[in-house]
Amino acid sequence: ERKATFGVDAFVPIINQVLDPGVIWVKGNSPYKTLTDVIEAAKKNPGKISAATTGILSDDHLAILMVHEAAGVQFRIVHFEGGAPLMTAVLGGHVEVAFDNVGSIVPRVKSGELRALTVMDAERSKFLPDVPTIAEGGYPSVISSSTRGIAGPKGIPEPIVRKLQAVFKKAMEHPEHIKRMEDVGLAVKVMIGEEYAKYYSDLHVKAKKYVEWARR
């Protein structure tokens with residue numbers, strides 16, 4: 001119900017740092033072995049298969065709506081205030097499926113504590129190379145991620161924007177920084193200039209549609 005006092009045009013995208021793809025996962029001992037298992041269960045039980053998000057209007061929430069649209073299913077959405085309570089609820093057996101991000105689950109997948117069913121990206125994650133993409137599962141339109149970047153207020157002089165881009169790019173591409181990011185399952189994806197501006201704009205248009213759906 002809250003309305004922001006600013007819009008997307010109030011910011012200038014400067015540089016993107018990380019692109020963390022969405023992922024659908026379950027407990028390690030869940031009866032769901034694949035994305036198809038979950039989709040079929042949701043089709044047989046409309047509105048009954050519970051799916052967790054890290055918060056209302058989060059990327060995870062919008063990802064569920066994308067799956068609703070693409071697969072023609074309806075989950076029972078359960079919102080949490082962040083990743084920690086989501087993890088507790090799903091591992092505790094209170095919620096059946098989680099919509100999350102790769103960077104949140106890599107160690108637990110490797111330990112077998114949980115099972116990643118699909119990565120919501122066009123390419124497989126180098127951190128979870130054995131996990132199929134959602135495109136491989138038949139839903140190429142469902143691309144979702146949490147990107148972490150830097151923006152500034154509209155009107156920043158162009159020379160300052162270019163200086164910030166150069167400084168941040170150098171830091172982001174430093175081997176030590178990349179290693180620290182990859183150690184926790186985060187993929188560095190540096191985007192600047194027209195590439196980042198287009199990504200920023202396209203993502204806003206895509207998200208706006210699902211935000212409107214979520215508010216119905």
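Select V18 in this predicted model; the residue belongs to strand β1. V18 has a relative accessible area of 2%, so it is buried, the limit being under 20%. Next, display the residues around V18, setting aside those within four places in sequence: the contacts are S146, T147, R148, M181, L186, A187, V188 and K189. To see how distant parts of the chain meet here, draw a line from the C-alpha of V18 to that of S145: the two residues are 127 apart in sequence and 9.8 Å apart in space.

**The largest pocket**

Keep T147 selected and add Y200, L203, H204 and A207. Around which space do these residues lie? The largest pocket has a volume of about 1,600 Å³, and these five are the closest to its centre among the 49 residues that line it. Colour the lining by class, and 23 nonpolar, ten polar and 16 charged residues appear.

Now colour the lining by secondary structure. At least two lining residues come from each of β1 (11-27), α2 (59-71), β6 (145-153), β7 (188-192) and α7 (193-214). Which of the elements gives the most to the lining? That element is α7, with 13 residues.

**Helix α7**

Select α7 alone. The helix comprises 22 residues, and its first and last C-alpha atoms lie 31 Å apart, close to the 32 Å expected at 1.5 Å a residue. Show the side chains of Y196, Y210 and V211, which are buried residues of this helix. Restore the surrounding elements to see what covers the buried residues of α7: β1, α2, β6 and β7 are included in that cover.

For a contrast within the helix, pick V205, which is also placed in α7. Is V205 buried or exposed? With 55% relative accessibility, V205 counts as exposed, because that value is over 50%. A line from the C-alpha of V205 to the C-alpha of R162 spans 26 Å, for a separation of 43 residues in sequence.

**The largest nonpolar core**

Move to the interior and select I24, Y32, V67, F75, V97, F99 and I134. These residues have the most contacts inside the largest nonpolar core, which numbers 28 residues. The elements β1, α1 (35-44), α2, β4 (97-101), β5 (114-120) and α7 each contribute at least two residues to this core. The largest share, seven residues, is from α2.

Centre the view on V67. Beyond its neighbours within four places in sequence, V67 is in contact with I39, G72, V73, F75, F99, I134 and V142. Another core lies apart from the one just described; 21 residues make it up, including F80, A98, V106 and L114.

**Along α2 and the loop before it**

From V67, step to A71, which is in helix α2. A71 counts as buried because its relative accessibility is 10%, under the 20% limit. Excluding residues up to four places away in sequence, A71 touches I39, K43 and Y139. The C-alpha atoms of A71 and K43 are 8.7 Å from each other, with their positions 28 residues apart along the chain as the separation.

Then go back along the chain to L57, in the loop between β2 (50-53) and α2. Inspect the backbone here: L57 has a positive phi, near 65°, although it is a residue other than glycine. L57 counts as partly exposed, at 32% relative accessibility.

**I105, the last stop**

Finally, select I105, located in the loop between β4 and α4 (106-111). How accessible is I105? Its relative accessibility is 0%, so I105 counts as buried. Show what surrounds I105, again without residues up to four places away in sequence: V23, W25, M87, D100, L114, A116 and L128 are touched. One of these, L114, is also among the residues of the 21-residue core. Another, V23, is 82 residues from I105 along the chain, yet the C-alpha atoms of the two are separated by 8.9 Å.

Notes:
Residues are numbered from 1 along each chain as its sequence is written. This is a predicted model: local features need pLDDT of at least 70, side-chain atom pairs count only at pLDDT 80 or more; totals for chains, interfaces and linings use all residues. Side-chain values use heavy atoms; hydrogens and water are left out. On a 1 Å grid over the protein atoms alone, a cavity is a set of points where a 1.4 Å probe fits but cannot get out, and a pocket is an open set with protein on both sides within 12 Å along at least five of seven lines; lining residues have an atom within 4 Å of a point. Grid points are joined across faces, edges and corners, and a volume is the space filled by probe spheres set on the points. Helices (H or I, at least four residues) and strands (E, at least two) are DSSP runs, numbered from the N terminus. Ala, Val, Leu, Ile, Met, Phe, Trp, Tyr, Cys and Pro count as nonpolar, Asp, Glu, Lys and Arg as charged, and the others, Gly among them, as polar. Buried means under 20% relative accessible area, exposed over 50%, partly exposed in between (1.4 Å probe, protein chains only). Contact means heavy atoms within 4.5 Å. A nonpolar core is a set of buried Ala, Val, Leu, Ile, Met, Phe, Trp, Tyr and Cys residues joined through side-chain atoms within 4.5 Å. The expected span of a helix is 1.5 Å times one less than its number of residues.
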